[in-house]
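The exercises below are to be worked with the sequence and the model side by side. Each one sets a task and then gives a solution in steps.

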Amino acid sequence: PVALRIILSKCMTASSWTRLATEVARQRDPLAGFEHARRATQVAEEGMAGLSEFERINRDLVKSRIEMSYLSCIANLTRRSEHNELFHALEAMRRIDRFSQSAETSLITEIDLPSAKALAKKHGFTYLATQAAPGGTVFFVIDADGDVTAETAVGGWAERAFHFSREIDNAARAMEFFGEPDLNRLNSQAASLFDELPSNAKRALESESGLIFLSMGGDQHNLPIELLFTRAGGWLGLQRVCARIRSFEELATIIERQPSTNSLSAVVAAGPGEGYEKILASAESISTQLVSAGISLRPADQILAEGRLSLWTFLDSIDREPSMIVFVGHGGYDASGPFLQLSATDRLRPADLAQFRFDGAPMAHLECCTAGQSVYFGGGYWNSYAVSLLAVGASCCLVSNRIIFGGPSELLCSELYARLTGTECLPIGLALLEARRKIAKAFPNPVFWAAPVLYGNPLAQICSITAQ
């Protein structure tokens with residue numbers, strides 16, 4: 001259409017667009033397709049900054065077309081063991097949406113595979129990236145020794161994993177009527193999913209030490225990796241410290257991000273709604289533990305609740321560079337995407353966070369139902385609190401991607417903050433792991449303990465602050 005061509009011309013000329021479109025249509029060699037995708041990304045990065053919000057849908061069309069160019073060659077690069085080119089393709093698919101709407105924003109230098117391997121060896125972590133591709137889901141692994149492997153899962157693995165995840169979600173919603181789902185059946189399903197993984201993913205997840213960073217591309221970002229069940233050790237989420245990340249480029253940016261020692265403060269908010277007394281009690285318990293660790297509350301040494309909590313007061317408070325941001329309350333999803341209910345009329349959206357640029361790398365904890373759900377729109381774009389918070393400078397974000405229940409939620413907060421602020425002073429990844437184990441002893445079903453998911457730096461801690 002003429003109107004679409006006019007808008008697209010802002011990031012490439014009509015002739016170049018025609019040439020690229022023709023190239024995509026005639027593409028046969030997967031490596032040549034990869035080169036097309038590389039060139040298309042470079043051209044788009046140079047021109048996307050000029051697009052307005054009104055032109056968003058047309059911008060996404062361009063990004064989705066570029067994304068499809070990468071998908072067409074990923075399976076072939078995997079089969080050929082072209083790890084350098086495959087790493088670039090996976091990273092590029094995760095950075096397409098980084099086209100800034102501000103012409104003043106400079107582009108970030110792309111990380112190459114040798115640098116990624118060196119970083120994994122330096123910090124002793126395993127990086128596992130998944131990507132849907134023709135022929136099956138590709139698992140790309142960089143282990144703590146710097147070894148790189150790429151293999152494809154059996155056909156339909158991702159679909160079965162999503163079905164398993166939805167089954168747990170549905171069981172949680174219907175628990176009031178049907179009770180807890182059968183634990184043995186869940187064990188069997190999770191173990192079967194683990195057995196169907198490619199060998200490189202099994203080795204990475206079964207190793208006994210080191211952090212695991214999970215980067216699940218595109219619409220695979222909600223894969224229930226923490227819910228896989230290994231034959232030797234049991235539930236992965238109770239064995240290993242796992243953190244989700246958007247890309248290796250983001251991992252490299254946040255791996256050493258820590259809350260600032262110049263801002264010994266926290267913003268703690270309690271949202272309205274059903275069970276408000278318990279919500280308020282949980283927020284007060286968290287604030288008490290933070291204050292006992294020498295961290296003051298903002299604003300005015302009190303939690304944000306009732307008349308003191310609105311969209312404006314919450315945003316204004318977190319704009320003052322706190323060390324920690326905590327929200328306890330209700331979350332949900334409507335036609336405009338995910339939201340946190342701040343008041344009867346105010347809802348916080350992920351887009352509301354785009355105005356910030358945190359210099360103090362705060363830790364964020366959203367203790368509410370489904371706050372961790374990320375919605376993928378194609379072209380590398382996620383509508384997500386965790387993705388948004390990391391993008392504006394947070395060190396990590398702990399969220400729930402499922403329904404949470406009162407008892408397990410209270411136990412999580414109590415155990416988590418005791419380990420974050422007490423004598424142990426653990427990093428958040430290890431604190432979460434131990435809190436999950438404590439919950440699992442009281443509530444063995446993963447419906448209860450598997451809700452909290454960590455994004456960002458699992459080594460982030462406030463121990464370095466409270467120790468001074």
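**Exercise 1. Describe the open sheet that contains strand 12, giving its strand order and the sense of pairing.**

Solution. The sheet is open and consists of three strands in the order 12-13-14, with antiparallel pairing; strands, like helices, are DSSP runs numbered from the N terminus (E, at least two residues, for strands; H or I, at least four, for helices). The model is a predicted one, in which local features need pLDDT of at least 70 and side-chain atom pairs count only at pLDDT 80 or more, while totals for chains, interfaces and linings use all residues. Residues are numbered from 1 along each chain as its sequence is written, and side-chain values use heavy atoms, with hydrogens and water left out.

Next, consider the edges: strand 12 (331-334) and strand 14 (347-348) each have a single partner strand, so one side of each is left without a neighbour in the sheet. Strand 12 pairs with strand 13 (residues 337-341) in the antiparallel sense over four bridges, where pairing requires that DSSP finds at least two bridges between two strands. Within this pair, Gly 332 has Phe 339 of strand 13 as its bridge partner.

**Exercise 2. Determine which strands pair with strand 1, and state whether its residues are buried or exposed.**

Solution. Begin with the partners: strand 1 (residues 125-131) runs parallel to strand 4, to which six bridges join it, and it pairs with strand 2 (residues 138-142) in the antiparallel sense over five bridges. In the parallel pair, Leu 128 has Leu 214 as its bridge partner, whereas in the antiparallel pair Gln 131 is matched with Val 138. Strand 1 and strand 2 form a hairpin with six residues between them, and Gly 135 in the turn has a positive phi of about 100°.

Then turn to burial: seven of the seven residues of strand 1 are buried (under 20% relative accessible area, against over 50% for exposed and in between for partly exposed, with a 1.4 Å probe and protein chains only). Phe 125, Tyr 127, Ala 129 and Gln 131 point one way, while Thr 126, Leu 128 and Thr 130 point the other way, and all of them are buried.

**Exercise 3. Explain why Cys 396 forms no bond with the closest cysteine sulfur.**

Solution. A disulfide is a pair of cysteine sulfur atoms within 2.5 Å, and a search of the whole structure finds zero of them. The sulfur of Cys 396 lies 7.5 Å from that of Cys 397, the closest cysteine sulfur, and this is too far for a bond. Both residues are buried, since Cys 396 has a relative accessible area of 0% and Cys 397 likewise has 0%.

**Exercise 4. Place Thr 78 in its helix and list what it touches.**

Solution. Thr 78 is found in helix 4 (residues 56-79), and it counts as buried because its relative accessibility is 5%. Leaving aside residues up to four places away in sequence, Thr 78 touches Leu 86, Val 138, Ala 150, Glu 151 and Thr 152, a contact being heavy atoms within 4.5 Å. One of these, Val 138, is also the bridge partner of Gln 131.

**Exercise 5. Summarise the chain as a whole, giving its helices, strands and buried share.**

Solution. The chain has 18 helices and 19 strands, and 58% of its 468 residues are buried. Among the contacts with a separation of 6 or more, 75% join residues 24 or more positions apart.
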